[in-house]
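Me: Hello! I would like a close look at a single part of this structure, with a little of its surroundings afterwards.

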Amino acid sequence: MNTFLFRKVTPFVTLLGLGLTACQPDLEKDFEASRGTADFTRYIAVGNSLTAGFSDNGLYLEGQQNSYPSILANQFRTAGGGEFNQPLFTEAQSNGSGYLRLTGFSATGSPITANVAGNAGRIAGAPGSAPYTKYDGRVDNLGVPGIRLADIHTANFGNLAGQTGAPTAATFNPFFERITPLGNSQSYFQRVKAEAATATFFSNWLGNNDVLGYATTGGVGGAITRTDTFTLKNNRIINALTANGAKGIVATIPDVTNVPFFTTVRVADIRARFKAANPALDVYIQTTGTAGAQVVRLATDNDLLTLPSSAVIGTTTTGNPFPVGAGLSALQSNPVPNQFVLDATEQTSVRTATTAFNTAIVNKANEKGLAVFDANSFFSRVAASGFVTNGVNNTASFIAGNLFSLDGVHPTPRGYAVVANEMIRAINIQYGASIPQINPNDYRGVKFPQ
Amino acid sequence: MTLKSLLLVGGALLTGTAASAGGYQVTLAGQKNNGMGGVGVGLSLDQAAMFYNPGALAMVKDRGVQVGVNATLARSAFVAQGGNQQRELRNSVVTPFNLYAGFGPAEGKFRAGIAVYTPFGSKLQYAEGWEGRTALTDIDLKSIFVQPTVSYAITDQISVGAGLVVLAYGAVNLQRDVPLPDSYGHIELDGKAETKLGFNAGIFFKPSDKVSFGINYRSKIDAQVKDGDVTFTGIPASFATRFEATKFGATLPLIATTSIGVGIMPTDKLTIGIDGNFAQWSKYETLRFDFDKQINGQTFSESKRNYKDALTIRVGGQYKLTDGLTVRAGGAYDETPVRDGYVTPETPDNDRFSGTIGASYSFGKFGVDLSAQYVSIQKRTETQQQLVNNGTTDRIAGTYKTNIVIPGIGLNYAF
């Protein structure tokens, strides 16, 4: 009887075994990576601080390692992408240019930051400042913090010896110097053109600084690049990048008035703070009137205060009965200095230029059949309604939003990961590719004190 | 390969989930029924009628005891939207069981009995570091129902029956990772359900030897946890003040099911059953947790479920090959209660197709029942856009696919 049962049961059990091995579903073949019509054999990244991985008001090793070009190159590797070299700071020089870190919060909840000194300088005794120790390896990430599109044809841009006068940000860039051979007078454009000769794919995200310098100084420092200049130079660099048939992606310039640098310190909050102390007080600002005259006026909720203004506003100064920003009238006040205020007129200048630059970028990209990451509309959406990554909420808020670093302008590693994912989406659409995206939650937001 | 070693292999590979019937409902209440696609409402097979249709109990010829146990071996795959990395489940096993004892006079019209079964449950353990970790890392949902039952044959053709359903044991353990700006913490909710009552009633009608009909209703029971424990781990000191809760309360509806069934007996040896189950999942609208103290400034959390009522169609049959041996086969189509854009990691559900086989051998008063089911939960993709549109971004966009194999064994003894 037992053998009978065994005979009856055995096929049953065998069938069960087959069922089990067949049980594990496999979805991987549904999501196999492919390059489509793009070729990722050599990818080069052209751009500014955003491309370099600049974060927390500095370029340092961790930021470089989490740059969007580095993330992209990693993902390209699933579809035939090759080696990608970044001019990384060494472990011994990992603080790079120096950067901000969060040390805590004040009693009222304001973040407190401190500077971490840089250690990548090559001058003995002053390792915290440029010029930096040269990087002479192969460079695929050509992101140079601070560079404007307007600067790309500037000769000796990375050659201190070639400077005719005292170097300025418009004539010399220490980050470009770092990757330029000693004594070489080449411009950024010439370097890009040389690298483009062997590149099969590129990303180009230049132009942010052509408006950012003006905006972050409240319209006081740095002029906005002329649109015709911008268009011409953008066309030239795209022509150079595509001269050998390389495909690529370009990104538009986000409207900087959406970033925490301009949205964190709000007139309404300051006003409430003043009125709590003295109901007669209000917020006064210094701004540029007609014909460049400095005028003092009552602040409105449309005036944007910069992030650094938080360190200035509300501290009493000798000889003035009001803390900075407070006043009873335009004549009886201690206004917020002009360089901390982006008023409505200045905001219009910024937005007009951003729109014109983006038109130039998109038109040229369309002409060449390139993928476009519309960073402007993407970050506008993030500012309006946040951005959920795999169940985690992210917003454009300072610190709590996860996406923007302590300088209020540059992304955190999480922010760069999101940028990389959006670029992959655009590349996949444009070139019929299937490059896998990454999980942005594997990348940190703002680092908190331990 | 012996059965024992096979089970060990299985144990190393498997995990469990709700076996069938959609959502977190498990319909594995009788080993004979399991081999027949889960039919039973229109049949009077054995003591498991107490679950499928108490009205049929009075028509069950034998009195006796029977026990059954099943192993749900679920294998899942998940790929996040835009990604290509397949995530699978960590190993675990769920063993729904059932126990019935039926009594009554040999020729009388009464039958009484007691049933113990596990109609709802779910256990899933996702891979370490998977994309949906802030929605769920682990879930373990258990319930044991005890059901004293009486059944009475009004005539030779019609009988009625009812049981008092006692949610005797219910436990929930939910775990997920807590997203912090630069790291992850972990939260574990662990609680026991209050004892609750419901009922299970049915009517059975057998106008001839060739055909029978049944109707059954199992009422809803709200599994309520009042004083569950909240435990945080891995929260750095700088965030500790945001995570103060230590106790939680929550209610999970164990929904009502209405079933009708038909039994067809063309010959003495062949029995065919067809069942339809209507599960009132629409009662499951939100999953809300109330906390004694704040978590990130909130003293509750609410997550949309918005389930819809769902229908299951089952067909199965058995054939008595010899005096001792009966073989079975069946299948079921099980409509998912989960709408598009509402799929959550704790029930990565979709429409299910299942096929079953089974066999019994009786040695006089003693019998052994074997059953095996293969359940294929259809591939389900939800997009981030759907989540955004539905306000359900607390879960994750991607594609799920699950297959389940459920071997089961039962022993029965007739008085």
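In which order do the three strands of the open sheet in chain A lie, and is the pairing parallel or antiparallel?

Reply: Happy to take you through it, keeping in mind that this is a predicted model. The open sheet in chain A has the strand order 8-7-10, and its pairing is antiparallel. Because strand 8 (294-298) and strand 10 (326-327) of chain A each have a single partner strand, they stand at the edges, and one side of each is left without a neighbour in the sheet.

Now for the link between strand 7 and strand 10. Strand 7 of chain A covers residues 282-288, and two bridges join it to strand 10 of chain A, the two running antiparallel. If you want a spot to zoom in on, try Asp282(A), which stands opposite Gly327(A) in strand 10 of chain A. The sheet also has a helix packed on it: helix 10 of chain A, residues 267-277, touches both strand 7 and strand 10 of chain A. The direction of helix 10 makes about 135° with that of strand 7 of chain A.

For a helix-on-helix contact in this chain, turn to helix 4 (residues 68-76) and helix 13 (residues 413-431) of chain A. Their axes are 8 Å apart, and the two pack at an angle of about 50°. An angle between 35 and 65 degrees is neither roughly parallel nor roughly perpendicular, so helix 4 and helix 13 of chain A count as oblique to each other. The crossing of helix 4 of chain A past helix 13 of chain A is right-handed. On the helix 4 side, the residues taking part are Tyr68(A), Ile71(A), Leu72(A) and Gln75(A). Helix 13 of chain A meets them with Tyr416(A), Ala417(A), Val419(A), Ala420(A), Met423(A) and Ile424(A). Sorted by class, this contact has nine nonpolar residues, one polar residue and no charged ones.

Stepping back to the whole of chain A, its secondary structure comes to 13 helices and 14 strands. Of its 450 residues, 49% are buried. Among contacts between residues at least 6 apart in sequence, 72% join residues at least 24 apart. The C-alpha atoms fill a box of roughly 105 × 60 × 50 Å along the principal axes.

Finally, there is the partner chain. The contact between the chains takes 35 residues from chain A and 39 residues from chain B. Elements of chain B that each supply at least two residues to its side include helix 1 (3-13), strand 2 (73-80) and strand 22 (398-414). That side of chain B has 20 nonpolar, 13 polar and six charged residues.

Notes. Residues numbered from 1 in each chain as written. Chains lettered and ligands numbered in written order. Predicted model: local features only at pLDDT ≥ 70, side-chain atom pairs only at ≥ 80, totals over all residues. Pairing = 2+ DSSP bridges. Helix = DSSP H or I, 4+ residues; strand = E, 2+ residues; numbered from the N terminus. Contact = placed C-beta atoms within 7 Å. Axes fitted to C-alpha atoms, helices over the stretch in contact; angles between N-to-C directions. Nonpolar A, V, L, I, M, F, W, Y, C, P; charged D, E, K, R; others polar. Buried ≥ 20, exposed ≤ 12 C-beta atoms within 10 Å, placed from the backbone. Parallel < 35°, antiparallel > 145°, perpendicular 65-115°, else oblique. Left-handed = near helix turned anticlockwise from the far one by under 90°.
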